[in-house]
Amino acid sequence: RPPGAGSAQRPPVPPRSLLMAIDVTQERGLSHLDYKYLDGAPVCRFPLFNFLQPLPLDWMYLVYLVLFLGSLGIMLGCFYRLSCLLFISTYWYIFFLDKTTWNNHSYLYGLIGFQLTLMDGNRYWSIDGLRRPSIRNAHVPLWNYTLLRTQIFIVYFIAGIKKLDADWVEGYSMSYLAHHWLFDPFKWVLLILPVELVSLLVVHGGGLILDLTAGYLLFFDATRPYAFFFVSYFHCMNSQLFSIGMFSYTMLATSPLFCYPDWPRRFFDRFPSFLKAVLPLTSAEPQRSTSCVYQGDQTSSGERQQAPAAPKAPKLRLRHKLRAIFTILYIAEQFFMPYSHFITQGYNNWTNGLYGYSWDMMVHSRSHQHVKVTYKDGKTGEIGYLNPGVFTQSRRWKDHGDMLKQYATCLSHFLPRYNISEPEIYFDIWVSINERFQQRIFDPRVDIVKAEWSPFRPNPWLMPLLVDLSPWRTKFQEIEGSLDNQTEIVFIADFPGLHLENFVSEDLGNTSIHVLQGNLNVEIVEEKKNYTVKPGEQIKVPAGAYHKVYTVSDDPSCYMYVYVNTTEAALQENFTKLYELQERVRNGTETEPLPPELQPLVAADDDEGAEVNATDPIVKLFLKRQRRMKEVKKRREAGVLERLERFAVKKYYTIRRGFLMTAIAMRNLAVGLPPLEQLTREVEFANMKGPQAEAAPDERLKDEVGHGEL
């Protein structure tokens, strides 16, 4: 092709746009829009700007319909610029409307949509090309490819740079992933590695190396096939490990960007001739484009000059210069943004502010042990407690100072409806990041309603991460390895002058506090007694009662709760006995007749309703657990075709509900609401599930007694 002319076809937009069209019904939320926005209900929301509010529900369906039509128009190259504008305007509105759904790949979709708006993405195999012969099969300027390739390179490379964090390198960020069945082959092939080494070498080491090198390897011809294999394997694994919508498939669709621009022509040219009528054009030479800058006087990529002549200088117009400047500035801005947190005070670590542009994906894992929301009536002084998460569907407010401020402000508006005047709101939230001690993230003494917060200043009521205690994590592993299967442990660190008020469930027998560092004063509230506990000492705390743990040393205290879930232990013992009895009945070694309450054990194999007929609650729970375990085993052992069928059926009913609910909303906007009975029937029809709808394989047995929260 002529130097600087660009490619002979448009960028491979259709695969990505198709994935975004599908994603509208899933991660964007069209299929469950009515549950997400709860039209008219008192709900606390978390927009980027507080003035942003969702439209009435039927209008939100219209917004999503416009979003879908925009992505469809981009895919087909139909009214391309208009489709891009429709897509990015509605996409960024939805994106800014709810910070709780923010993630790096949602940010990436918005960036690519913005880039496509400025590009010539409708030059090859497009409806616009059929309508306008002047752009059909025309060159695409190389800056289009430069921008898209650099954007994907940044996703990989910056994600790798962010993984040069000590917690990632030492294997603490995503250690739980090594237990997933996807990593079993590494445990078998790599000399039967223990799960700890699989976590360190494969999960953390492999993820770091892939992110740092993938962008480079995709650029070069010699390494591109190997890069294709590894990034494809990586994204396929991610699609099974995480619920991240279309992101894994979108990244797979972006890999061909790094190939030679004419790869679609060469690919489609290999198809049989009888299919050529419905496939993209492969025979005609691409035509010149006013968007491109050409060297010399060449008129097409296939023509040669008739006589030697000095090449003419390219004619650079203002728009060409502006596009070059834009490309340089945009790339510089994308490299700068992940390191701009000195401006917004929001690095995605402990401080968690406006971090959605960081590309620090999966660098940190968190677990919450204790969340207490306290309100105080500003007039009467009455103190009470709120259920964490009341008036909201999100959990992310627990980790973000900006969302906590929004949540507290929202609660202060709702609580007066319940005769609580001028409410003050206090949060006591305990978090462990990357397997550290559980510690407070926000100061529990600060009224968040009146507290100041700004994205451009450090958060004054954020408690510092106790990084000096990080070396204790090695000791944690030793302690946990010495425990039996029934004993649980929680590691706590607290600041001087603060105390933890805790209630020990009656299920948790033999609970004790072991001091690791610092001095504690433990108050048993019911007994009205105080006990001083020093490092190396321990104290038992009663079950079914409150106690308070005060840190009285000058430095932070470290201690651990050790407990046994006696209810669960007894339940597991009963399950073991029932299983052994059931096995004896099956093999004929049980000679004694079973009492009536145990008869369902005999019918369990042949009668799925046995658990319904069980009168003993333990037997009923045992049979329910067995049935679910059979379902899980059946799903895991299913063949490829069965899995594909199940996947297709699930997606069909998800997409079906989204479009049916959209049709109902459009009808409501056009002609008004129908009678309530008709609307109820329509929604019930939209809610219809597939015949194979089952619980997720990893769904917990919610009816069983689980670990009580300390």
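These are my notebook entries on the sheets, cores and cysteines of a predicted model.

**Entry 1. Overall content**

I began with the secondary structure of the protein, which comes to 23 helices and twelve strands. I then looked up burial and found that 49% of the 710 residues are buried. For contacts between residues at least 6 apart in sequence, I noted that 71% join residues at least 24 apart.

**Entry 2. The sheet with β12**

I turned next to an open sheet of four strands, whose order is β5-β12-β7-β10 and whose pairing is antiparallel. Its edge strands are β5 (487–494) and β10 (538–540), each of which pairs on one side only. Between neighbouring strands of this sheet I recorded an average turn of 20°, direction ignored.

I followed the pairings of β12 in both directions. On one side, β5 and β12 pair in the antiparallel sense over eight bridges, and E488 stands opposite Y563 in β12. On the other, strand β7 (residues 508–517) is joined to strand β12 (residues 557–565) by seven bridges, and these strands run antiparallel. Two positions from that pairing went into my notes: I513 stands opposite Y561 in β12, and H514 stands opposite M560 in β12.

I also asked which helices accompany these strands. Helix α17 (residues 472–481) packs on the sheet and touches β5, β7 and β12. The direction of α17 makes about 160° with that of β5. Helix α18 (residues 566–587) lies across β7 and β12, and I noted that α18 runs at about 35° to β12.

**Entry 3. Burial of β12**

How many of the nine residues of β12 are buried? I found nine of the nine buried, so β12 is largely enclosed by the rest of the structure. I sorted the side chains by direction: S557, Y559, Y561, Y563 and N565 point one way from β12, while C558, M560, V562 and V564 point the other way. All of these residues are buried, on either side of the strand. For C558 I looked up the value itself, and its relative accessible area is 0%.

**Entry 4. The sheet with β6 and β11**

I then examined an open sheet of four strands in the order β6-β11-β8-β9, with antiparallel pairing. At its edges stand β6 (499–504) and β9 (529–533), each with a single partner strand, so one side of each has no neighbour in the sheet. From one strand to the next, the twist averages 20°. The pairing of β6 with strand β11 (residues 545–551) is antiparallel and extends over six bridges. Within β11, V549 is the bridge partner of L500.

**Entry 5. Nonpolar cores**

The largest nonpolar core has 82 residues. Those with the most contacts inside this core are L33, Y37, Y64, F183 and W359. Helix α7 (residues 142–162) gives the most to the core, namely twelve residues. I asked where this core lies with respect to domain 1 (8–140) and domain 5 (640–698). Both domains give residues to the core, so it lies between them.

I took L33 as one residue to follow further. Leaving aside its neighbours within four places in sequence, L33 is in contact with L57, M60, Y61 and Y64. Apart from the largest core lies another core, of 30 residues, and I listed F391, C410, L415 and L462 among its members.

**Entry 6. The disulfide and other cysteines**

I searched for disulfides and found that the structure holds one. This disulfide joins C44 to C410, with an S to S distance of 2.1 Å. The link of C44 and C410 is left-handed, with -90° about the S-S bond.

Which parts does this pair tie together? C44 lies in the loop between α2 (33–37) and α3 (57–76), whereas C410 lies in helix α16 (residues 401–414). The pair therefore ties together parts that are 366 residues apart in sequence.

I then asked of both partners whether they are buried or exposed, taking under 20% relative accessible area as buried. C44 has 3% relative accessibility and counts as buried. C410, at 13% relative accessibility, also counts as buried. I added C259 to the list, and its relative accessible area of 17% makes it buried.

Technical notes:
Residues are numbered from 1 along each chain as its sequence is written. This is a predicted model: local features need pLDDT of at least 70, side-chain atom pairs count only at pLDDT 80 or more; totals for chains, interfaces and linings use all residues. Side-chain values use heavy atoms; hydrogens and water are left out. Two strands pair if DSSP finds at least two bridges between them. Axes are lines fitted to C-alpha atoms, for helices over the stretch in contact, and angles run from 0 to 180 degrees between N-to-C directions. Contact means heavy atoms within 4.5 Å. A nonpolar core is a set of buried Ala, Val, Leu, Ile, Met, Phe, Trp, Tyr and Cys residues joined through side-chain atoms within 4.5 Å. Buried means under 20% relative accessible area, exposed over 50%, partly exposed in between (1.4 Å probe, protein chains only). Domain bounds come from an automatic or database domain assignment. A disulfide is a pair of cysteine sulfur atoms within 2.5 Å.
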